[in-house]
Amino acid sequence: MELDPYVNIHTHRPENGPDTVSVTNRMLGEQEPCPAPPCSAGIHPWSLEHLDNDDTDRLLAELKTAPELSAIGEIGLDYTRPVDRLRQLSVFEKQLDIASARSLPIILHSVRAWDDMLAALGRHTVSGVVFHGFTGNEQQAQQLTRKGYYLSFGSRSLLSPKTAEALRSIPTDRLFFETDDTPVPIRDVYEKASEILGMPTGTLRHIIYNNYRKWKK
């Protein structure tokens, strides 16, 4: 029986090939256009440290029309960074508007901004919401998946016993895996997740690929 491909929902180091689908991230204003689909793009909250308002407006206009995108992201809020929170929130919500208008899913970066993140999502009609690099606890994981959001786990996430418990607690139809900026192969992430879940890797590949097919519609 032919196995479904591995899906890497968020990466800066694509491994596209016959057995892997990688959604390659492009940080607007910092990286060249994505060489091949599928890819995502957006204004990362870290980028706001060096983008002025004119640059930000130009990139938002680019995001409205960029033809190669499969998703908007990674975008979000990071309250550990020296960027005004109101400005972060404003740029984030403008990108949510773009995702809604273009009917594109989104990939989120959220650090110490839980309440503002959920409130902003609640003000917008967006589908296919992925919290990437999830490191939260079981209660947070269940709260997000009950809202219909996806959680993506990477190699760093799966090192944490707390996050491993969160992984076990959620429906598998709300699940993705990723490599982000690490050199860890996506198959290694799946193998670790398979151990945690007590599930054959081939079964997990089938589940995640079905999630991906629904997510990208």
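Start by selecting Thr24 and Cys39: in strand β3, Cys39 is the bridge partner of Thr24. Keep in mind as you click around that this is a predicted model.

**Stop 1: strand β2 and its two neighbours**

Now widen the selection to residues 20–27, which make up strand β2. How many of its residues are buried? Eight of the eight are, leaving the strand mostly covered. Show the side chains and look along the strand: Thr20, Ser22, Thr24 and Arg26 point one way, while Val21, Val23, Asn25 and Met27 point the other way, and all are buried.

Next, add residues 39–42 for β3, which pairs with β2 in the parallel sense over four bridges. Then bring in strand β1, residues 6–11, which runs parallel to β2 and is joined to it by four bridges. To find one place where β1 and β2 meet, pick Val7 and its bridge partner in β2, Val21.

**Stop 2: onward to β4 and β5**

From β3, move to β4: the two run parallel, with two bridges joining them. A handy pair to select here is Ala41 and Ile72, since Ala41 stands opposite Ile72 in β4. Strand β4 spans residues 71–78 and is mostly covered, with eight of its eight residues buried.

Which strand comes next to β4? Select residues 106–111, strand β5, which pairs with β4 in the parallel sense over six bridges. Gly73 will lead you across, as its bridge partner in β5 is Ile107.

**Stop 3: the nonpolar core**

Select Phe92, Ile106, Leu121, Phe131, Phe177 and Trp215. Of the 68 residues in the largest nonpolar core, these touch the most other members. Helix α2, residues 85–102, gives the most to this core, with six residues. In soluble globular proteins, nonpolar side chains tend to be buried together.

Stay with Trp215 for a moment and show what surrounds this residue. Beyond its neighbours within four places in sequence, Trp215 is in contact with Ile9, Val23, Ala71, Pro105, Ile107, Gly128, Val130, Tyr150 and Phe176. You have already met Ile107, the partner of Gly73.

**Stop 4: Ala120 in helix α3**

Go to Ala120, which sits in helix α3, residues 114–122. Is Ala120 buried or exposed? Its relative accessibility is 0%, so Ala120 counts as buried. Setting aside neighbours within four places in sequence, Ala120 is in contact with Leu89, Phe92, Glu93 and Leu96. If you like to use the distance tool, try Ala120 to Ser90: the two are 30 residues apart in sequence and 9.7 Å apart in space, C-alpha to C-alpha.

**Stop 5: the covered side of helix α5**

Select residues 161–169, helix α5, and colour its buried residues, Thr163, Ala164, Ala166 and Leu167. They cover an arc of only 155° around the axis, which puts them on the same side of α5. What do they pack against? Add α4 (138–146), β7 (150–153), β8 (175–177) and α6 (186–197) to see the partners of these buried residues.

**Last stop: zoom out**

Finally, show the whole protein chain, whose secondary structure comes to seven helices and eight strands. Its radius of gyration is 16 Å, close to the 17 Å that the globule rule gives for 217 residues, so the chain is as compact as a globular protein of that length. Along the principal axes, the C-alpha atoms fill a box of roughly 50 × 35 × 30 Å. Of the 217 residues, 51% count as buried. The accessible surface of the chain comes to about 10,100 Å², and 49% of this belongs to carbon and sulfur atoms.

How values were computed
Residues numbered from 1 in each chain as written. Predicted model: local features only at pLDDT ≥ 70, side-chain atom pairs only at ≥ 80, totals over all residues. Heavy atoms only, no water. Buried < 20%, exposed > 50% of the residue type's maximum accessible area, 1.4 Å probe, protein only. Pairing = 2+ DSSP bridges. Arc of directions from axis to C-beta. Contact = heavy atoms within 4.5 Å. Rg over C-alpha atoms; globule rule 2.2 N^0.38 Å. Areas by Shrake-Rupley, 256 points an atom, 1.4 Å probe, with all protein chains shown as cover. Core = buried A, V, L, I, M, F, W, Y, C linked by side-chain atoms within 4.5 Å.
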